[in-house]
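Q: Could we go through this structure together? I would like to begin with one residue and then move outwards.

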Amino acid sequence: MDIFRIIGIGLLTCIAALIIKQIRPEFYIVVVIAGSIVILFMIIDELKTVFDYFLTIFNKTNLNYELWSNMLKIVGVGFLTEFASGICVDTGNASIGEKIVIAGKILILCLALPIISNLLNVIIEILP
């Protein structure tokens with residue numbers, strides 16, 4: 001299973017980061033980012049499967065492509081926000097990480113507005 005390899009890479013990254021932090025603290029964040037990027041590359045195929053599935057749903061329902069695009073952007077903003085926030089917390093900058101999370105939530109809300117509007121229009125059409 002891929003999860004065991006991902007967990008293994010994650011644990012090895014943590015151990016390497018702890019060792020590097022004691023020897024050369026300035027390279028600590030480089031090790032953490034490198035390990036994180038390796039894990040992200042390991043799940044790219046699964047992400048492609050999820051995106052293909054959503055694309056199939058949108059094609060079958062004939063929904064607006066803008067909605068599909070916004071959903072992908074929302075997922076991307078969520079992942080990137082969590083990734084960047086985690087790195088900030090790892091480097092001892094939790095307050096900056098929290099600001100990144102707040103900014104990500106606001107951007108997600110802005111990207112979700114067309115989806116919410118479209119959903120409300122569908123509900124209004126269904127109601128008598």
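A: Certainly. Leaving aside neighbours within four places in sequence, Ser85 is in contact with Gly97, Ile100 and Val101, where contact means heavy atoms within 4.5 Å.

Q: What kind of model is this, and how are residues numbered?
A: This is a predicted model, in which local features need pLDDT of at least 70 and side-chain atom pairs count only at pLDDT 80 or more, while totals for chains, interfaces and linings use all residues. Residues are numbered from 1 along each chain as its sequence is written, and side-chain values use heavy atoms, with hydrogens and water left out.

Q: Back to Ser85: which helix does Ser85 lie in?
A: Ser85 lies in helix 4, which covers residues 65-90. Helices are DSSP runs of H or I with at least four residues, strands are runs of E with at least two, and both are numbered from the N terminus.

Q: Does Ser85 count as buried or exposed?
A: Ser85 counts as buried because its relative accessibility is 10%. Buried means under 20% relative accessible area, exposed means over 50%, and partly exposed lies in between, with a 1.4 Å probe and protein chains only.

Q: What does Thr81 touch?
A: Thr81, also in helix 4, touches Ile100, Val101 and Gly104, not counting residues up to four places away in sequence. At 13% relative accessibility, Thr81 is buried.

Q: And Tyr65, buried or exposed?
A: Tyr65 belongs to helix 4 and is exposed, because its relative accessible area is 57%. Its C-alpha atom is separated by 9.3 Å from that of Leu55, 10 residues apart along the chain.

Q: Changing topic: how many helices and strands are there in the protein?
A: The protein has 5 helices and 0 strands. From the N terminus on, the order is α-α-α-α-α.

Q: What about the overall dimensions?
A: The C-alpha atoms fill a box of roughly 70 × 35 × 20 Å along the principal axes. The protein has a radius of gyration of 19 Å, whereas a compact globule of 128 residues would have one near 14 Å. That radius is taken over C-alpha atoms, and the globule rule is 2.2 Å times the number of residues to the power 0.38.

Q: How much of the protein counts as buried?
A: Of the 128 residues, 16% count as buried.

Q: And which share of the contacts joins residues at least 24 apart?
A: Among contacts between residues at least 6 apart in sequence, the share is 54%.
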